[in-house]
Amino acid sequence: MRKQTKYIGTVAFMAGIPSIPTPFVKSWTDFITYNARHIDGEIFYFTPTTSLHFQARNQIVEHMEGDWVLMLDTDNKFPPDLLHRMLARFEKHDLDVLTGLYQFKSKPHSPVLFKWRGDGITERIIDFAEVVEMDQFNYVEVECAGAGCLLVRDRVFVRILEELKENPFDHLPPLGEDFSFFKRLQRLNIQAVCDPAIHVEHLRWVGTTPPQYQTTDYFV
């Protein structure tokens, strides 16, 4: 475990990029204001200095303070009470890894949740019914997920570093940094869960193309 600190935990977003979407910035400022008013204890806010995902996430782990870290992607929009609700679930069930629910930007907009196949590659969970009934009192065990809204206990990183002798988010080819982390959880038999009631909007840019033109006269 880490040395004693005044912080209860850490929140970090994937910084190191030249621009950040306005909806994320608005969510982030409202989120910090809410946390200051409603969460007991001091939170350490950290921003990594690189845009390389695996390096950024490992940097967050290296510099985190307290018992847990929440990692957020900048292409998400989320409610101010996000951390409050995640911690309530986290502490009530003494969880190790908790993800909120967000969806792919492309159709059919399935949840960013996965199953491991026998060959070590992942496949999407397509149907929301495969996740869980959308019930605020339920959560579901998951094998693999994205890391855009990910709450992890410090003891998980300690086990990865000490038992596997690896950085938590280093690539395990052909996997990305997020799936590589979940593969390490599998190796250590650490269960991750998703709370479908904690929903995060996945932001997307939508272009306008000629087929979308409508001949209705809007200028009358």
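R187 is partly exposed in this predicted model, with a relative accessible area of 49% (buried means under 20% relative accessible area, exposed over 50% and partly exposed in between, with a 1.4 Å probe and protein chains only). The side chain of R187 meets that of E166 in a salt bridge at 3.8 Å, N to O (a side-chain nitrogen of Lys or Arg within 4 Å of a carboxyl oxygen of Asp or Glu). E166 lies in the loop between α4 (154-164) and α5, whereas R187 belongs to helix α5, so this pair ties together parts that are 21 residues apart in sequence. E166 is itself partly exposed, at a relative accessible area of 24%.

Because this is a predicted model, local features need pLDDT of at least 70 and side-chain atom pairs count only at pLDDT 80 or more, while totals for chains, interfaces and linings use all residues. Residues are numbered from 1 along each chain as its sequence is written, and side-chain values use heavy atoms, with hydrogens and water left out.

**Salt bridges**

- The structure holds 14 salt bridges in total, and one of them joins the side chains of D73 and R57 at 3.0 Å, N to O.
- The D73 and R57 pair links distant parts of the chain, 16 residues apart, with D73 in the loop between β3 (68-72) and β4 (76-77) and R57 in helix α2 (residues 53-63); helices (H or I, at least four residues) and strands (E, at least two) are DSSP runs numbered from the N terminus.
- Both partners are buried, with a relative accessible area of 14% for D73 and 1% for R57.
- R57 also takes part in a salt bridge with E177, where the side chains meet at 2.9 Å, N to O.
- This second contact of R57 links helix α2 to helix α5 (residues 177-187), which holds E177, across 120 residues of the chain, and E177 counts as buried at 8% relative accessibility.
- Elsewhere, a network of salt bridges links six residues, namely D67, E91, D94, D96, R153 and R155.

**Helix α5 and what follows it**

- Helix α5 is largely enclosed by the rest of the structure, because nine of its 11 residues are buried.
- The buried residues of α5 include the charged E177, D178, K183 and R184 as well as F179, F181, F182 and L185.
- The charged end of K183 sits over the ring of W116, at 3.9 Å from the ring centre (NZ of Lys or CZ of Arg within 6 Å of the centre and within 35 degrees of the ring normal).
- Just after α5, N189 takes a positive phi of about 60°.

**Strand β11 and its partners**

- Strand β11 (residues 192-199) is mostly covered, with six of its eight residues buried.
- Strand β5 (residues 97-101) runs parallel to β11, and four bridges join the two (strands pair if DSSP finds at least two bridges between them); within this pairing, T99 stands opposite C194 of β11.
- Strand β8 (residues 140-142) pairs with β11 in the antiparallel sense over three bridges, and here E141 has V193 of β11 as its bridge partner.

**A three-strand open sheet**

- Three strands form an open sheet in the order β7-β6-β9, with antiparallel pairing.
- β7 (122-124) and β9 (144-145) stand at the edges, and each has a single partner strand, so one side of each is left without a neighbour in the sheet.
- The contact between strand β6 (residues 113-116) and β9 is antiparallel and consists of two bridges; L113 has A145 of β9 as its bridge partner.

**Aromatic residues**

- The structure holds 15 aromatic pairs (rings of Phe, Tyr and Trp, the last by its six-membered ring, with centres within 6.5 Å; planes under 30 degrees apart count as stacked, over 60 as edge-to-face and the rest as tilted).
- One aromatic cluster is formed by F13, F24, W28, F31, Y45 and F78.
- A further ring, that of F104, has R124 lying over its face, at 3.5 Å from the ring centre.
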